[in-house]
Amino acid sequence: MESAPLIVLDAVCKDYGALRVLSDISLNIRRGEVVCIIGPSGSGKSTLIRCINGLNSIQSGSIKVGGLEVNDEKLDKLALRKRVGIVFQQYNLFPHKTALQNVAMAPRIVLREKKGVVEARARELLAKVGLAGKEDAYPLELSGGQQQRVAIARSLAMRPEVMLFDEVTAALDPEMVKEVLSTIKDLAKDGMTCVLVTHEMNFAREVADHVYFMDKGVIVEHGPPDQMFVEAKDARTRRFLSQVL
């Protein structure tokens, strides 16, 4: 018998004023699954994953992560933040803190963990993302790809069950994209539940268990990558893929 989904969205709607940016979104994501969300700019992809993390509220519907109702006014947001990490397009590192300090900060301040324990985990995570030896480097001393990997390590330091990635390679030079995608690929291989908004179609095809195509705030079509990239049924999906592949 299959376990219950880790993430459940049911008829989610999100408005910005009079503009409906998410309309009747429903999807299930199981533990250990890698889901890629693709689609044109302005289709609601980034808004969707920000809603999963509780950064954006919704007008109607339900979002549950591990049984927690994300939009319950009584929800302990810290409990949600422990479960769901998010990495954005911009790295948002503290420029006056070293890589090690950036990674260790949230567990120290938010979780009140002991300095020695947190710093040991931060060193392990920096090594995991390929940055052993860069612990004492400041953000300005690191490349964009290295800064993004520090941001990934920082999210992992909270030991989340789910990692959300919002166009994390969009601000990078092409030669730096591969190192960041390789880091995410390693996380997926280790069994981390990952939800990625991405324009990297070849990467999505390689790592995703399931792909969702969004347009104008709705899920147009979804399925395993071989189906989506080879035998897409909807004309909008086929048209989008013909422009980006």
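**Note on the predicted fold, beginning at Leu22**

1. Leu22 has a relative accessibility of 0% and therefore counts as buried, the cut-off being under 20%. The model under discussion is a predicted one. Leu22 belongs to strand E2, which spans residues 19-29. Setting aside residues within four places in sequence, the contacts of Leu22 are Val12, Cys13, Lys14, Gly44, Thr47, Leu48, Cys51, Met214 and Gly217. The contact with Gly217 links positions that are 195 residues apart in sequence, with a C-alpha to C-alpha distance of 4.3 Å.

2. Thr47 is one of the residues in contact with Leu22, and its place is in helix H1, residues 45-52. With a relative accessibility of 12%, Thr47 also counts as buried, since this value falls under 20%. Beyond the residues up to four places away, Thr47 touches Lys14, Tyr16, Val21, Leu22 and Asn56. Among these partners of Thr47, Lys14 is likewise a contact of Leu22.

3. Which strand is joined to E2, and in what sense do the two run? Strand E1, residues 7-16, is joined to E2 by seven bridges, and the two strands run antiparallel. Two of the facing pairs may be named: Val12 stands opposite Ile25 of E2, and Val8 stands opposite Asn28 of E2. Val12 also appears among the contacts of Leu22. The two strands form a hairpin with two residues between them. Gly17 lies in this turn and has a positive phi of about 65 degrees.

4. E1 has a further pairing, with strand E4, residues 60-65. This pairing is antiparallel and extends over five bridges. Here Cys13 stands opposite Ser60 of E4; Cys13 is also in contact with Leu22.

5. These pairings belong to an open sheet of four strands in the order E2-E1-E4-E5, with antiparallel pairing. E2 and strand E5 (68-69) each have a single partner strand and stand at the edges, so one side of each is left without a neighbour in the sheet. In general, the strands of a sheet pair through backbone hydrogen bonds, in either a parallel or an antiparallel sense.

6. Turning to the helices, what do the buried residues of helix H3 (99-109) pack against? They pack against helix H4 (115-128) and H5. The buried residues of H3 are Ala99, Leu100, Asn102, Val103, Ala104, Met105 and Pro107. As a general matter, an α-helix has 3.6 residues a turn, so residues three or four places apart point the same way.

7. Helix H5 covers residues 144-156 and contains Arg149. Is Arg149 buried or exposed? Its relative accessible area of 9% is under 20%, so Arg149 is buried. Apart from neighbours within four places in sequence, Arg149 is in contact with Val129, Gly130, Leu131, Glu179, Val180 and Thr183. The contact list of this arginine thus includes Glu179, an acidic residue by the charge convention used here.

8. Two loop residues merit checking by eye for their backbone angles. Asn92 is not a glycine, yet it has a positive phi of about 55 degrees. Asn92 lies in the loop between strand E6 (84-87) and helix H3, and at 52% relative accessibility it counts as exposed, the value being over 50%. Arg159, a residue other than glycine, also has a positive phi, near 55 degrees. The place of Arg159 is in the loop between H5 and strand E7 (162-166).

9. For the chain as a whole, nine helices and ten strands are present. The radius of gyration is 18 Å, close to the 18 Å given by the globule rule for 245 residues, so the chain is as compact as a globular protein of that length. Along the principal axes, the C-alpha atoms fill a box of roughly 50 × 45 × 45 Å. Of the contacts with a separation of 6 or more, 64% are between residues 24 or more positions apart; the pair Leu22 and Gly217, at 195 residues apart in sequence, is in contact.

10. Burial and surface composition complete the account. Buried residues make up 51% of the 245 residues. The chain exposes about 11,800 Å², of which carbon and sulfur atoms supply 48%. There are 33 positive and 31 negative side chains, and the centres of the two sets lie 4 Å apart.

How values were computed
Residues are numbered from 1 along each chain as its sequence is written. This is a predicted model: local features need pLDDT of at least 70, side-chain atom pairs count only at pLDDT 80 or more; totals for chains, interfaces and linings use all residues. Side-chain values use heavy atoms; hydrogens and water are left out. The radius of gyration is taken over C-alpha atoms; the globule rule is 2.2 Å times the number of residues to the power 0.38. Buried means under 20% relative accessible area, exposed over 50%, partly exposed in between (1.4 Å probe, protein chains only). Contact means heavy atoms within 4.5 Å. Accessible areas come from the Shrake-Rupley method with a 1.4 Å probe; for residues, only the protein chains shown count as cover. The place of a charge is taken as NZ of Lys, CZ of Arg, CG of Asp or CD of Glu. Two strands pair if DSSP finds at least two bridges between them.
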